[in-house]
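Good morning, everyone, and thank you for making room for this. I would like to walk slowly through one structure that is new to most of us, so please have the picture open as I talk.

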Amino acid sequence: MLIDGKTTTCGLFGYPVVHSFSPPMHNAAFQKLNLNWVYVPFAVEPQHLPQAVLAVRALKLAGVNLTVPHKETVLPLLDELSPAAKAIGAVNVIINEAGKLTGHNTDGAGFTRAIKTETSFTAQGKRIIILGAGGAARAVAVQLSLEGAIEIVLVNRTVNRAEKLAQTLRGLGVMVRVLTWEQPEVLAETMLKADLIVQATSTGMHPNIDACLPLPLGCFQAGQIVCDLVYNPVQTKFLRTAQTAGATTVSGLGMLLYQGVQAFEMWTKKTAPVDVMKQVLYKQKLIDDD
Ligand code: NAP
């Protein structure tokens with residue numbers, strides 16, 4: 001990669017950033033399309049975020065990704081928010097257009113693009129159950145609502161958190177119910193009726209790969225689409241259980257890939273070389289797993 005006076009720069013603000021998959025994934029994509037662009041990771045400490053956002057304008061960066069701990073604290077520092085970013089209350093992509101900074105959230109859109117690509121599933125008119133109500137669940141639930149889901153059922157350990165998300169979703173016009181893990185019969189019935197089941201808690205994530213949610217017996221069936229947002233490991237215990245029952249399963253790696261694909265396309269206004277980005281992501285993941 002040759003950096004010269006015409007190179008366009010974008011990057012990642014996070015703290016820490018050392019484990020991010022984004023720099024190799026985006027730089028490989030720029031190279032594939034012969035774009036004179038570069039993606040740089042910036043370790044921005046929380047107290048320096050306001051100066052870092054000013055630097056996006058001052059240094060004329062095309063845009064940046066945001067990761068932990070900046071996704072929410074960045075909101076008041078931006079000029080405009082996309083409808084999804086506003087409803088989610090978190091930003092993972094900034095676009096700089098002549099000094100005007102717009103915040104977007106491609107986590108949810110990355111998720112819906114991944115399931116559409118892998119299974120042809122679209123949210124319009126569908127019944128969906130989401131296990132969890134944290135940041136990832138919020139992004140996915142908002143996007144599914146914006147894309148026309150008819151009903152979303154939220155199941156979370158902390159009921160208040162689910163109720164708060166339910167309020168946001170009702171504001172977007174979707175029917176919402178909140179269930180708890182202590183209602184196994186209603187839960188089993190609701191899961192069986194769902195077109196899509198999304199596991200959005202951190203349960204089963206490395207190193208606790210044998211941990212599992214208190215799922216009722218017989219809650220999966222053939223014809224359903226079941227996703228786990230956890231991508232470490234790729235094949236979770238949750239997905240294996242759903243697969244055994246005949247459901248079509250989708251791992252969390254797709255969401256990770258397509259949130260990046262969406263960001264790439266927003267910055268460059270070109271179709272992303274998805275295969276190249278996927279290859280780098282999978283390779284990087286294998287290195288990390290060693
Ligand atoms: P978060 O905001 O911290 O939320 C964690 C969620 O997991 C909450 O709903 C929490 O319930 C629930 N939870 C945690 N431990 C639990 C347990 N023992 N039993 C039942 N519920 C439990 O985290 P997040 O950002 O939403 O991330 C959630 C998962 O999604 C993580 O594994 C993360 O790696 C993954 N993720 C994947 C992608 C992707 O691109 N594939 C993107 C973002 C996140 P309470 O509210 O009751 O605490």
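**A walk through the model**

I will begin with P233, which lies in the loop between strand 11 and helix 8, the helix that covers residues 237-244. The model is a predicted one, and that should be kept in mind for everything that follows. The peptide bond that leads from N232 into P233 is cis, with an omega near 10 degrees in the other case I will come to and near 15 degrees here. That other case is the bond from H206 to P207, which is also cis, and P207 is found in the loop between strand 10 and strand 11, the latter being residues 225-228.Let me turn to the overall division of the chain. The domain assignment gives domain 1, made up of residues 8-105 together with 254-289, and domain 2, made up of residues 108-251. If we take the centres over C-alpha atoms, domain 1 and domain 2 are separated by 26 Å, and the contact between them takes 15 residues from domain 1 and 21 residues from domain 2.

Now to the ligand. Which residues are the closest to it? There are 21 residues around the ligand, and the closest are A136, N156, R157, T158 and G252. Sorted by character, the residues of this shell divide into ten nonpolar, nine polar and two charged. Looking at individual atoms, a backbone N or O atom of A136 lies 2.8 Å from an oxygen atom of the ligand, and a backbone N or O atom of A133 lies 3.0 Å from a ligand oxygen. With N156 the side chain is involved, since a polar side-chain atom of that residue lies 2.8 Å from an oxygen atom of the ligand. Taken alone, the ligand would expose 930 Å², and the protein buries 74% of that area. As for secondary structure, the elements that give two or more residues to the shell are helix 5, residues 135-146, and helix 9, residues 253-268.

Next, two buried polar residues that I would like you to find on the screen. S82 is found in the loop between strand 4, residues 80-81, and helix 3, residues 83-88. With a relative accessible area of 11%, S82 is below the 20% cut-off and therefore counts as buried. Its side chain reaches the backbone nitrogen of A85 at 3.1 Å, and, leaving aside neighbours within four places in sequence, S82 is in contact with G103, H104 and N105.

The second of these, N96, lies in strand 5, which covers residues 93-97, and at 13% relative accessibility N96 counts as buried too. Which backbone oxygen does the side chain of N96 reach at 2.9 Å? That partner is L61, while the side chain of N96 also reaches the backbone oxygen of V56 at 3.3 Å. Once neighbours within four places in sequence are set aside, the contacts of N96 are V56, R57, K60, L61, A62, G63 and L101.

K60, which appears in that list of contacts, deserves a moment of its own. K60 lies in the loop between helix 2, residues 49-58, and strand 3, residues 63-66, and it has a positive phi of about 55 degrees although it is not a glycine. Is K60 buried or exposed? It is exposed, with a relative accessible area of 67%. S120 also has a positive phi without being a glycine, in this case near 75 degrees. S120 lies in the loop between helix 4, residues 107-119, and strand 7, residues 127-131, and with a relative accessible area of 59% it is exposed.

A further positive phi, of about 60 degrees, is taken by N34 just after helix 1. Helix 1 itself spans residues 22-32, and because eight of its eleven residues are buried, it is largely enclosed by the rest of the structure. The buried residues in helix 1 are S22, P23, M25, H26, N27, A28, A29 and F30.

I will finish with L196, whose place is in strand 10, residues 196-199. L196 is buried, with a relative accessible area of 0%. Not counting residues up to four places away in sequence, L196 touches F111, I115, F121, R127, I128, I129, L144, I225 and C227. As a last distance, the C-alpha atoms of L196 and L257, which are 61 residues apart along the chain, are separated by 20 Å.

Definitions and conventions. Residues are numbered from 1 along each chain as its sequence is written. This is a predicted model: local features need pLDDT of at least 70, side-chain atom pairs count only at pLDDT 80 or more; totals for chains, interfaces and linings use all residues. Side-chain values use heavy atoms; hydrogens and water are left out. A residue is near a molecule or strand if one of its heavy atoms lies within 4 Å of it. A polar contact is a pair of N or O atoms within 3.5 Å; within protein, one must be able to donate a hydrogen and the other to accept it, and residues adjacent in sequence count only if both atoms are side-chain atoms. Accessible areas come from the Shrake-Rupley method with a 1.4 Å probe; for residues, only the protein chains shown count as cover. Helices (H or I, at least four residues) and strands (E, at least two) are DSSP runs, numbered from the N terminus. Ala, Val, Leu, Ile, Met, Phe, Trp, Tyr, Cys and Pro count as nonpolar, Asp, Glu, Lys and Arg as charged, and the others, Gly among them, as polar. Buried means under 20% relative accessible area, exposed over 50%, partly exposed in between (1.4 Å probe, protein chains only). Contact means heavy atoms within 4.5 Å. Domain bounds come from an automatic or database domain assignment.
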